[in-house]
Amino acid sequence: MSQSKRAPNRRRLTDQYIRKLTPPSDKSVMVWDTAQGGLALRVRPTGTKTFKCCYRHQGRLRWYTIDRYPAIGLSEAREVARNIRAQATLGADPQGEKMQSRVGDSLAHIHADYVTRYAQANNKSWKQANTLMRNYVLPKLGNRKARDISRRDVRRIFDELTEGGRKVLANQVLAAMSAVFSWAVEREIVEANPCHGIKRNKLEPSRRFLSNDEIRAVWLQFDALGLLPMTALKIILYTAQRPGEVCAMRWEHLDLDAGLWMMPGEPATGWPGTKNGRTHEVPLTAPVLELLRGPDFEPTEQGHVFPSTKRGKSISIPRVTDVWKAAGIKRFRPHDLRATAATGLDRLGIVRQHISLVLNHSEAGVTASYVRHDHRQHKRDALDAWAQELTAILVGAGTTDQMAEVVELARAAE
């Protein structure tokens with residue numbers, strides 16, 4: 001990429017162009033956006049890309065550093081630049097005000113700081129929250145000073161989503177906003193969290209588990225998804241583990257001879273870590289071992305059992321829309337296969353504590369601080385019982401549907 005000495009490098013910036021922009025070899029260059037006056041992208045040889053805004057104050061040229069890309073997106077940067085130049089037209093000096101105090105930072109700035117300084121290191125779902133903020137909050141409030149944002153402003157976004165029939169999304173957006181403001185309160189950037197006091201929408205319980213007939217119906221449809229998604233979904237149902245953790249399974253964590261899958265609690269190369277950060281041992285039953293020992297499954301250089309076409313990545317959680325539609329049943333999610341297995345264990349009479357161990361749910365209370373036994377045999381017995389039951393279900397001889405009423409009556413009598 002070169003920059004003419006006579007004319008600045010100008011073009012209409014796009015996200016695709018910015019992502020593919022090759023860093024210069026020797027010194028930084030500026031690419032000016034023709035869609036928004038005064039907005040430029042500075043690209044350093046290190047690859048760092050930063051949005052800047054140029055304006056004049058009292059005849060002097062002033063530069064305002066907006067933020068790095070992609071911590072702030074192109075559309076948000078344009079909105080910030082538009083706001084900065086509008087303020088400058090009225091005689092204000094945004095850069096001067098910024099230098100004097102950071103208390104008046106815009107929500108876009110605070111959110112970017114929150115992501116880079118806190119969320120990326122401490123929140124495994126930061127990407128989802130970041131997307132929610134960029135799609136539903138920053139376009140409306142991003143250029144506003146965070147300390148000036150009121151509960152009414154937040155409620156307006158929340159109510160718009162709720163009244164549009166998107167109650168779940170409204171709750172998720174509210175939670176994403178609240179996390180940013182809580183962080184800002186802790187750092188004394190703002191005095192209060194305007195999200196507090198807004199009650200989230202009440203939702204119907206989302207837990208769904210498949211009946212025996214539904215299990216048989218979807219099992220026949222898994223094959224149409226291809227080898228990797230099909231096998232991942234079957235292992236989720238056999239092991240009752242989280243879909244994301246199954247899809248991220250790595251060969252070095254498997255001991256097929258011992259029939260064990262050891263999930264490290266902490267993130268490692270190609271492995272996201274477990275949800276609760278605790279190491280989790282999963283006994284592998286005979287049907288799971290048979291799937292993993294199939295002729296099409298061999299350890300790969302990148303280590304993933306379910307490698308993606310993108311080198312170094314594992315597959316995403318499979319989409320099952322075509323599965324439940326083809327099976328002619330009610331909508332379900334991959335996570336519902338985990339719930340189905342847990343429900344099956346319960347109906348087989350497995351004690352709740354052992355089901356919790358299989359699911360790797362966090363324990364609460366003082367007891368959890370002292371009890372460290374991994375209960376390997378309890379988990380193996382539970383999963384062996386479920387594997388036998390699931391195998392029976394698939395050939396039309398399962399017992400859990402018939403047991404359900406008896407078990408529920410027995411629990412009610414306890």
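Helices (H or I, at least four residues) and strands (E, at least two) are DSSP runs, numbered from the N terminus. The model is predicted: local features need pLDDT of at least 70, side-chain atom pairs count only at pLDDT 80 or more, and totals for chains, interfaces and linings use all residues. Residues are numbered from 1 along each chain as its sequence is written, and side-chain values use heavy atoms, with hydrogens and water left out.

**Stop 1: the five-stranded sheet**

Select strands 1 to 5. They form an open sheet in the order 1-2-3-4-5, with mixed pairing; two strands pair if DSSP finds at least two bridges between them. Strand 1 (9-11) and strand 5 stand at the edges with a single partner strand each, so one side of each has no neighbour in the sheet. From one strand to the next the twist averages 30°. Angles here run from 0 to 180 degrees between N-to-C directions, and axes are lines fitted to C-alpha atoms, for helices over the stretch in contact.

Next, select strand 4 and strand 5. They run antiparallel and are joined by nine bridges. One residue to pick is Lys-49, whose bridge partner in strand 5 is Tyr-69. Now add helix 2, which packs on the sheet and touches strand 2 (29-33), strand 3 (39-43), strand 4 and strand 5. Contact means heavy atoms within 4.5 Å. The direction of helix 2 makes about 15° with that of strand 4.

**Stop 2: the loops on either side of strand 5**

Select Gln-58, in the loop between strand 4 (49-57) and strand 5. Most residues other than glycine have a negative phi, and most peptide bonds are trans. Gln-58 is not a glycine, yet its phi is positive, about 55°. Is Gln-58 buried or exposed? Its relative accessibility is 73%, so Gln-58 counts as exposed. Buried means under 20% relative accessible area, exposed over 50%, and partly exposed in between (1.4 Å probe, protein chains only).

Move to Pro-70, in the loop between strand 5 (60-69) and helix 2 (74-89). The peptide bond from Tyr-69 to Pro-70 is cis, with omega near 10°.

**Stop 3: the cysteines**

Select Cys-54. How many disulfides does the structure hold? It holds zero, a disulfide being a pair of cysteine sulfur atoms within 2.5 Å. For Cys-54, the nearest cysteine sulfur belongs to Cys-53 and is 7.2 Å away. Cys-54 is buried at 12% relative accessible area, and Cys-195 is buried at 4%.

**Stop 4: two helices in contact**

Select helix 9 (residues 227-239) and helix 13 (residues 334-347). Their axes come within 7 Å and cross at roughly 30°. The two helices are therefore roughly parallel to each other (angles under 35 degrees count as roughly parallel, over 145 as roughly antiparallel, 65 to 115 as roughly perpendicular and the rest as oblique). Show the side chains of Leu-233, Ile-236 and Leu-237 in helix 9, and of Pro-334, Leu-337, Arg-338, Thr-340 and Ala-341 in helix 13, which make the contact.

**Stop 5: the three-stranded sheet**

Select strands 6, 7 and 8, an open sheet in the order 6-7-8 with antiparallel pairing. Strand 6 (254-255) and strand 8 (280-283) are the edge strands. Strand 6 pairs with strand 7 (residues 260-263) over two bridges, and Asp-255 stands opposite Leu-260. Add helix 16 (residues 376-394), which lies across strand 7 and strand 8 at about 40° to strand 8.

**Stop 6: Asn-360**

Finish at Asn-360, in the loop between helix 14 (352-359) and helix 15 (367-370). Its phi is positive, near 60°. Asn-360 is buried, with a relative accessible area of 3%.
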